[in-house]
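Visitor: Could you take me on a close look at the empty spaces sealed inside this protein? I'd like to know what surrounds them.

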Amino acid sequence: MQPSEAVDLAIPADHVAAPAVQGAVGSGLAHESAVLHVTGGATYIDDQPELRGTLHAAIGLASAAHARIRRIDLAAVRAAPGVVAVLDAASVPGLNDFGPVVHDDPIFASDEVQFHGQALFAVLAEDMRAARRAARLAQVEYEPLPALLDVDQALAAGSRVLPDAHLRRGEPEAALAAAPHRLAGSVRHGGQDHFYLETHIAYAIPQEDGTTRVHSSSQHPGEVQLQVAHALGVDAKDVVVECRRMGGGFGGKESQPGQIAAITAIAARLTGRPVKLRLDRDDDMVLTGKRHDFRIDWEAGFDDEGRLLAVRFMQATRAGYSADLTGAIADRAMFHADNAYYLEHVDILSHRCKTHTVSNTAFRGFGGPQGLFGIEEVIDAVARHLDLDPLAVRKRNYYGIGERDLTPYGQKVEDNVIAELTAELEADCDYAARRAALRAWNAASPVIKRGIALTPVKFGISFTATHLNQAGALLHVYTDGTVLLNHGGTEMGQGLFTKVAQVVAEELQIDVSRIRVTASDTSKVPNASATAASSGADLNGKAAQQAARKIKARLTEFAAAHYGVREDQVVFRANRVHIGDNAHRDGGNAAATGKAGVPLSLSFAELAKLAWMGRVSLSATGYYRTPKIAYDRETLSGRPFYYYAYGVACSEVAIDTLTGESKVLRTDILHDVGRSLNPAIDLGQVEGGFIQGMGWLTSEELCWSDDGRLTTHAPSTYKIPAVSDVPEIFNVRLWERGINTEDSIFRSKAVGEPPFMLALSVWHAIKDAVAAAADYRVAPQLNAPATPEEILRSLTEARQREAEQRAGAAA
């Protein structure tokens with residue numbers, strides 16, 4: 001594999017210091033826990049020393065998809081060795097619900113089961129194995145009820161968790177009727193399990209006066225705090241939730257941890273003992289939500305060059321049994337039904353279908369990948385119908401600059417760089433020559449077929465729920481000049497703590513090694529939004545920057561008064577504070593004017609100590625809210641996004657037409673992260689996001705039995721990408737000319753989610769290879785994931801249609 005090319009991105013000129021501090025903004029600093037990760041020194045919740053008397057919990061799961069509970073006999077459970085107590089719905093002292101938006105998610109099912117694997121009760125035992133063994137001993141009698149297991153059944157039954165939504169612009173019916181060409185089709189993609197290395201876990205510790213501290217592996221400790229408080233029937237002030245790090249999240253620990261945390265907190269309250277609950281892999285996959293799978297029906301009208309004149313979408317998603325975050329996810333899928341393409345006349349109907357399966361939830365991209373999936377299917381079908389290069393059709397439909405720049409929801413695309421990115425990658429990866437050579441190669445290869453595709457990504461950055469776009473931070477400077485930082489974001493391996501520390505290092509002009517970021521804690525920064533929507537660095541970085549600037553301003557004011565100089569003669573640079581007429585020069589060779597004995601410079605630590613002696617506060621809070629955004633949920637219009645992130649990817653694949661196996665041979669990526677806060681971490685996010693997206697589209701298949709039981713609930717049956725699946729040639733580059741046109745943190749751009757969708761290049765390259773097997777005469781009908789079985793099905797169908805075409809032509 002070729003190593004990714006690192007890019008040393010310069011920071012804005014007004015922030016450049018000479019000499020630079022170590023680990024400031026723009027440097028490729030290693031993750032703050034990198035050494036701990038690889039040496040086993042990073043402490044996760046299950047690694048924490050257990051307090052004396054700790055109990056372990058396990059959950060009893062339902063074995064019916066939809067049924068009334070006639071009787072539950074827990075006698076054998078209670079009598080099992082090591083069991084201390086058993087909890088069920090009647091044990092909940094407060095609200096038996098953990099729904100993040102709608103109260104339709106019971107902690108424990110009581111009268112009715114709504115999916116196979118729903119929590120019925122919890123066992124508390126002296127050790128984990130005893131609890132898990134006992135949880136299997138329950139005797140449950142069900143009265144079966146009709147179960148809806150997929151989108152088609154839910155659509156036929158009119159089953160919804162939330163009302164349908166409809167987004168419309170222009171006159172799509174008239175434009176379709178007048179279009180020179182029309183096509184229609186339907187495509188599906190599956191869900192995806194998060195498969196984080198650390199499964200869901202919580203550790204609740206009862207405190208004095210009825211209060212509780214919960215260690216939760218959560219992307220949203222503030223929400224868990226409220227969920228636990230509601231379950232206990234207490235106020236938020238009586239619950240503290242802490243999370244130092246997660247072993248992966250990907251959206252799966254945004255709304256889902258509330259149930260796990262609530263069970264441990266209820267158990268701790270009732271027993272007076274600490275309680276830990278860690279799901280094993282099978283239970284985690286059965287009990288917790290996945291990426292939403294979609295069925296997308298479409299119709300498109302277009303001209304002879306492939307320019308879209310009108311598009312109509314029906315997006316139907318399987319929400320599962322409850323609303324969870326489906327509303328916002330389905331909305332974002334609608335907002336990304338355009339991807340990078342201007343759709344003048346468009347109609348999008350969104351169905352949020354209720355099924356008797358686990359409630360689906362947030363996953364990297366949060367509906368964006370699903371929206372892009374649909375429009376890229378349309379573009380590919382149009383290109384193949386006209387016998388054009390799909391890339392040419394993509395470029396003809398791109399948003400313009402100064403024209404053709406309004407999204408279907410009414411936001412103007414003001415930062416459009418997609419054409420520049422495409423042109424640069426197209427030339428760098430030699431797309432045209434490789435495509436021609438590949439077609440010649442396919443003509444001589446009867447069994448192995450190759451395909452190539454270059455696809456774009458335009459992804460909106462901000463929570464579509466406007467009120468969530470805010471963040472807080474707390475910063476302390478100690479008298480030795482070291483800094484302790486806390487903010488509302490959470491660390492799940494993505495490097496957020498590292499980036500925010502770099503922001504503070506840049507502002508205070510001290511080495512990043514002088515800064516420690518502490519665990520996310522609801523008692524330090526209240527009401528924090530989830531670390532999601534790719535907004536972690538944007539929001540928390542800005543909040544931390546404001547806190548650092550407050551302290552820096554106080555220190556500047558103090559130093560100016562103490563030494564009798566103007567405030568502009570106090571300059572922070574490279575761990576020192578230079579004072580005097582020439583403070584802005586590198587050497588600071590002249591003494592300051594004013595009081596006698598003014599030093600040329602002093603260390604940051606020395607100034608901190610002096611300021612403390614002068615009774616200056618060295619602690620500050622910071623707060624930030626994203627400007628400019630405003631969105632009307634009722635009309636699905638406004639400016640939901642602060643800016644857009646862009647990227648392009650070109651992938652080449654090979655398929656075996658006898659077995660259906662596929663392999664990615666080469667991928668080239670060019671991604672815009674603005675002015676990178678940390679190129680090393682950003683490259684890792686681009687690479688990892690792409691590979692995870694590749695898994696969603698090729699190998700990660702979720703399967704349910706006819707009775708609603710998830711059958712792919714372990715790594716033996718659920719296949720995430722392995723190291724061997726990484727393309728042999730993998731060229732990943734950050735766009736050197738990238739800069740955020742908005743006032744983001746140091747003009748950087750979010751990088752967590754957008755690269756995930758670059759994997760659509762793999763899926764379309766597979767489609768191109770399937771098309772080659774049918775002599776490029778038909779547009780393949782391929783659903784995702786493109787497993788060997790699905791590729792074989794698509795090959796058979798494509799060849800059959802090709803044969804019918806030939807027969808028709810001969811007749």
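Guide: Here is a walk through the cavities, with the domains that border them.

First, some ground rules. This is a predicted model, where local features need pLDDT of at least 70, side-chain atom pairs count only at pLDDT 80 or more, and totals for chains, interfaces and linings use all residues. Residues are numbered from 1 along each chain as its sequence is written, and side-chain values use heavy atoms, with hydrogens and water left out.

How do you find a hole you can't see into? Rolling a probe the size of a water molecule over the atoms shows where empty space is left. Here a cavity is a set of points, on a 1 Å grid over the protein atoms alone, where a 1.4 Å probe fits but cannot get out; its lining residues have an atom within 4 Å of a point. Grid points are joined across faces, edges and corners, and a volume is the space filled by probe spheres set on the points. By this rule there are eight cavities of 30 Å³ or more.

It helps to have the map of the chain ready. The domain assignment (automatic or from a database) gives domain 1 (13-30 + 470-625), domain 2 (52-146 + 200-278) and domain 3 (294-464 + 633-810).

Now for the largest cavity, at about 100 Å³. It is lined by 14 residues, and F98, Q256, Q259, L287 and Y321 are the ones nearest its centre. Domain 2 and domain 3 each supply at least three residues of this lining. Sorted by class, the lining has seven nonpolar, five polar and two charged residues. For that sorting, Ala, Val, Leu, Ile, Met, Phe, Trp, Tyr, Cys and Pro are nonpolar, Asp, Glu, Lys and Arg are charged, and the others, Gly among them, are polar.

The second largest cavity comes in at about 90 Å³. Its lining has 13 residues, with D538, L539, Y624, T626 and Y642 nearest the centre. This time at least three lining residues come from each of domain 1 and domain 3. Helix α15 (residues 536-563) gives the largest share of that lining, three residues; helices here are DSSP runs of H or I, at least four residues long, numbered from the N terminus. The classes in this second lining are six nonpolar, five polar and two charged.

What about domain 1 and domain 2? Their C-alpha centres lie 42 Å apart, and 16 residues of domain 1 are in contact (heavy atoms within 4.5 Å) with 19 residues of domain 2.

Note on methods: On a 1 Å grid over the protein atoms alone, a cavity is a set of points where a 1.4 Å probe fits but cannot get out, and a pocket is an open set with protein on both sides within 12 Å along at least five of seven lines; lining residues have an atom within 4 Å of a point. Helices (H or I, at least four residues) and strands (E, at least two) are DSSP runs, numbered from the N terminus.
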